[in-house]
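These are my notebook entries on what I looked up in this structure, set down in the order in which I went through it.

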Amino acid sequence: MITTTVPRPPMATPLSSTTLTHQHRLHPPRRLSLTSRSSSSPLTSTQSSPLSFDLRTYWSTLITQIDRKLDEAIPVSYPDKIYEAMRYSVLAKGAKRAPPVMCVAACELFGGDRTAAFPTACALEMVHAASLIHDDLPCMDDDPSRRGQPANHIVYGEDMAILAGDALFPLGFRHIVSQTPPKLVPEERILRVIVEIARAVGSTGMAAGQFVDLEGGPNAIDFVQEKKFGELAQCSAVCGGILGGADDDEIQRLRSYGNAVGVLYQVVDDILEEKAGADNKSEDRKTQKGKSYVSVYGVDKAMEVAEYLRAQAKRELDGLEKYGEKVIPLYGFVDYAAERGFTFGESS
């Protein structure tokens, strides 16, 4: 069981936007420490007075439900090979399903039925898988493996991997429109969800992050981290809120929360990779283009960034305290991103 804290941390220098400037990275509060509580040496907080919540059971239950719905959403049809390539990445065993789970949790926070959220949740996982397929290509990040198995292009070839990714994006949108129960979700909310996902994956979102990631250059790290990793988490939380009927102020809190959690997860990944002494190929690739806070600023500064992001995410949730225990899963995601208190299997 993961222990979730619900603090109201004092912030020395609050941000007016989600962007972390160099100044803010130098002055966050110091409360994180590395421990050897598990093999991955997760980040833990010294904060006390936790509320107990079994995040692993909550998350695992949703994974089972979402996996079943994803399997049903992508049946093999002609041309078979494209669908097989799509299913290979989307249905990878051990995937955490973080975007769809966050979407469902945000929907339920505002009183929505998870049945109403499942089509959008599945679409978010399709979009996530498509982005990973394309990111792994030799012309992009050139990664030979993903989620504990060979990357899509290694198994099906680069041409088929591109087609599989291309097919998953529109399938996600079609799935939202065709499968969202109209009695549970007004049409206006469905349209807002589609616009939100299109924004997140497009030329001002994840695609922009990948472009700057490829180009490199000075002071690019904040933009790359927020666009490549913050955008999808932000989109997932916001879509859930839209489906559940959140108001504009609540949507903005979810947007800031999701961005902070998404970047936090990646920053902690980079710290853990550095501490574990990752393989030289992966490490060299990140160092050459300055892709991580660790490679640009070092572990100590990256830990400060992680603490700032953790506190920022929880501060946004403090503004939703009127919803009581329904907000606890979202707090749990923050603690998991920082601590990695449990595992789901071999894949990531």
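Before counting anything I fixed the term: I take two residues to be in contact when they have heavy atoms within 4.5 Å. The model is a predicted one, and I read every entry below with that in mind.

**Entry 1, overall make-up.** With that meaning of contact, I looked at pairs of residues at least 6 apart in sequence, and found that 75% of their contacts join residues at least 24 apart. I then listed the secondary structure, which comes to 15 helices and six strands. Of the 348 residues in the protein, 55% count as buried.

**Entry 2, the nonpolar core.** Which residues have the most contacts inside the largest nonpolar core? I noted Leu168, Ile197, Tyr257, Val267, Leu330 and Phe333, in a core of 93 residues. Helix α5, residues 114-135, supplies the largest share of this core, with twelve residues. I kept beside this the general expectation that nonpolar side chains tend to be buried together in soluble globular proteins.

I followed Leu168 further, leaving aside its neighbours within four places in sequence, and found it in contact with Ile74, Met86 and Val90, and also with Met126, Ala129, Ala130 and Ile133.

**Entry 3, α8 against α10.** Are these two helices roughly parallel or antiparallel to each other? I took helix α8 as residues 187-201 and helix α10 as residues 221-244, and their axes come within 9 Å and cross at roughly 175°. Since angles over 145 degrees count as roughly antiparallel, α8 and α10 are therefore roughly antiparallel to each other.

On the α8 side I listed Arg189, Arg192, Val193, Glu196, Ile197, Arg199 and Ala200, which meet Glu231, Gln234, Cys235, Val238, Cys239, Ile242, Leu243 and Gly244 of α10. Sorted by class, this contact has eight nonpolar, two polar and five charged residues. I marked Ile197 in particular, as it is named both in this contact and among the residues with the most contacts inside the largest core.

**Entry 4, the loop before α10.** I looked up Asn219, which sits in the loop between α9 (206-215) and α10. Asn219 counts as exposed, because its relative accessibility is 73%. Its C-alpha atom is separated by 9.3 Å from that of Val296, although the two residues are 77 residues apart along the chain.

**Entry 5, α14 against α15.** The axes of helix α14 (residues 299-318) and α15 come within 10 Å, crossing at roughly 175°, and that makes α14 roughly antiparallel to α15. I recorded Arg310, Ala313, Lys314, Leu317 and Asp318 as the contributors from α14, with Leu330, Tyr331, Val334, Asp335, Ala338 and Glu339 contributing from α15. By class, the contact of α14 with α15 has six nonpolar, no polar and five charged residues.

Is Glu339 buried or exposed? I placed Glu339 in helix α15, residues 328-339, and it counts as buried because its relative accessible area is 12%, below the 20% limit. The side chain of Glu339 makes a polar contact, at 2.5 Å, with the side chain of Arg310.

**Entry 6, just after α15.** Arg340 lies in the segment after α15 and counts as buried, at 10% relative accessibility. I looked for what its side chain meets, and found one of its polar atoms 2.7 Å from the backbone oxygen of Tyr265. I also noted that Arg340 and Asp269 are 9.6 Å apart in space, C-alpha to C-alpha, while being 71 residues apart in sequence.

**Entry 7, backbone exceptions.** Most peptide bonds are trans, and most residues other than glycine have a negative phi, so I searched for departures from both habits. The peptide bond from Tyr78 to Pro79 is cis, with omega near -5°, and Pro79 is in the loop between α2 (55-73) and α3 (80-90).

Where does Arg97 sit? I found Arg97 in the loop between α3 and α4 (98-109), with a positive phi near 55°, and buried at a relative accessible area of 2%. Asp142 likewise has a positive phi, of about 55°, without being a glycine; it belongs to the loop between α5 and β5 (145-146) and is partly exposed, with a relative accessible area of 35%.

Key
Residues are numbered from 1 along each chain as its sequence is written. This is a predicted model: local features need pLDDT of at least 70, side-chain atom pairs count only at pLDDT 80 or more; totals for chains, interfaces and linings use all residues. Side-chain values use heavy atoms; hydrogens and water are left out. A nonpolar core is a set of buried Ala, Val, Leu, Ile, Met, Phe, Trp, Tyr and Cys residues joined through side-chain atoms within 4.5 Å. Buried means under 20% relative accessible area, exposed over 50%, partly exposed in between (1.4 Å probe, protein chains only). Axes are lines fitted to C-alpha atoms, for helices over the stretch in contact, and angles run from 0 to 180 degrees between N-to-C directions. Angles under 35 degrees count as roughly parallel, over 145 as roughly antiparallel, 65 to 115 as roughly perpendicular and the rest as oblique. Ala, Val, Leu, Ile, Met, Phe, Trp, Tyr, Cys and Pro count as nonpolar, Asp, Glu, Lys and Arg as charged, and the others, Gly among them, as polar. A polar contact is a pair of N or O atoms within 3.5 Å; within protein, one must be able to donate a hydrogen and the other to accept it, and residues adjacent in sequence count only if both atoms are side-chain atoms.
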